[in-house]
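Please walk me through this protein chain, beginning with its overall layout and then turning to individual side chains. Plain running text is enough.

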Amino acid sequence: MLPMKFYDDMFDSLLDDSDLRNDMRMMKSDIYEKDNNYVVEMDLPGFKKEDIKIECNRGNLIVTAEKKHEDEDKNKKYLRRERSYGKYSRSFYLGDIDEERINAEFHHGTLRITIPKKDEHKNTKYIDIK
């Protein structure tokens, strides 16, 4: 039996090899259900509305945000650079949703996406027994 630390280190190294950990850190999200909707609230501080793209495809919600480097000023001599730039993406499978009525708002660095669920009773087909 291996110690738990071994599994933690192994999992961390797997995530270090990909951008998943950075994406998750930059795009922290909460997903909940309310009034027959899924609601996704995602922190995107430092991004502008124009930097964000939301896509929905067969029940998958994909949010991509890209922050580009500002033009470099040749006279600047940085002592420290901690702000990150690049393209970040998160994807969530939500199932049977009404893709035509999705609504999104971006306010003070928080993206809020409201995704209506399809009416289960409308999609239910009853089979007559003969």
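How many helices and strands does the secondary structure of the protein chain come to? The model, which is a predicted one, has three helices and seven strands. Their order along the sequence is α-α-β-β-β-β-β-β-β-α.

Some totals describe the chain as a whole. It has 130 residues, and 25% of them count as buried. The accessible surface is about 10800 Å², with 48% of that belonging to carbon and sulfur atoms. For contacts between residues at least 6 apart in sequence, 52% join residues at least 24 apart.

The aromatic side chains come next. A pair of aromatic rings is described by the distance of the centres and the angle of the planes. The structure has one aromatic pair. The pair is made by F47 and Y88, with 6.2 Å centre to centre and 85° between the planes, and is edge-to-face. The angle decides the label, because planes over 60 degrees apart count as edge-to-face. F47 belongs to the loop between β2 (37–43) and β3 (52–57), whereas Y88 belongs to strand β5 (residues 86–93), so the pair ties together parts that are 41 residues apart in sequence. Is F47 buried or exposed? F47 has 6% relative accessibility and so counts as buried. Y88 is buried as well, its relative accessible area being 2%.

Two other tyrosine rings have a charged side chain over them. At Y78, the charged end of R81 sits over the ring, 4.2 Å from the ring's centre. At Y38, K117 lies over the face of the ring, at 5.0 Å from the ring centre.

Charged side chains also pair with one another. How many salt bridges does a search of the whole structure find? The search finds four, and three of them are described here one by one. In one, E41 is paired with R112, and the closest N and O atoms are 2.8 Å apart. This pair links distant parts of the chain, since E41 is in strand β2 and R112 is in strand β7 (residues 110–116), 71 residues apart. E41, at 24% relative accessibility, counts as partly exposed. R112 also counts as partly exposed, at 29% relative accessibility.

Another salt bridge joins E82 to R80, with 2.6 Å between the closest N and O atoms. Both of these residues are exposed. A further one joins R101 to D98, where the closest N and O atoms are 3.1 Å apart. Here the two partners fall into separate classes of accessibility: R101 counts as exposed at 53% relative accessibility, while D98 is buried with a relative accessible area of 19%. D98 is given that label because buried means under 20% relative accessible area.

Strand β5, which holds Y88, also holds R90. R90 counts as buried, at 15% relative accessibility. What does the side chain of R90 reach? The side chain of R90 reaches the backbone oxygen of M27, at 3.0 Å.

In strand β2 there is also N37. At 18% relative accessibility N37 counts as buried. Leaving aside residues up to four places away in sequence, N37 touches Y32, T114, I115, P116 and K117. Of these, K117 has already appeared as the residue over the face of Y38.

The loop between β1 (29–34) and β2 contains D35 and N36. Phi of D35 is near 50°, a positive value in a residue other than glycine. N36 likewise is not a glycine, yet its phi is positive, at about 60°. D35 is exposed, with 66% relative accessibility, and N36 is partly exposed, with 48%.

The loop between β4 (60–67) and β5 contains R83. R83 counts as exposed, at 59% relative accessibility. How far is R83 separated from G46, taking the C-alpha atoms? The separation is 9.5 Å, for residues that are 37 apart along the chain.

Terms used:
Residues are numbered from 1 along each chain as its sequence is written. This is a predicted model: local features need pLDDT of at least 70, side-chain atom pairs count only at pLDDT 80 or more; totals for chains, interfaces and linings use all residues. Side-chain values use heavy atoms; hydrogens and water are left out. Rings of Phe, Tyr and Trp (its six-membered ring) pair if their centres lie within 6.5 Å; planes under 30 degrees apart count as stacked, over 60 as edge-to-face and the rest as tilted. Helices (H or I, at least four residues) and strands (E, at least two) are DSSP runs, numbered from the N terminus. Buried means under 20% relative accessible area, exposed over 50%, partly exposed in between (1.4 Å probe, protein chains only). A charge sits over a ring if NZ of Lys or CZ of Arg is within 6 Å of the ring centre and within 35 degrees of the ring normal. A polar contact is a pair of N or O atoms within 3.5 Å; within protein, one must be able to donate a hydrogen and the other to accept it, and residues adjacent in sequence count only if both atoms are side-chain atoms. Contact means heavy atoms within 4.5 Å. Accessible areas come from the Shrake-Rupley method with a 1.4 Å probe; for residues, only the protein chains shown count as cover.
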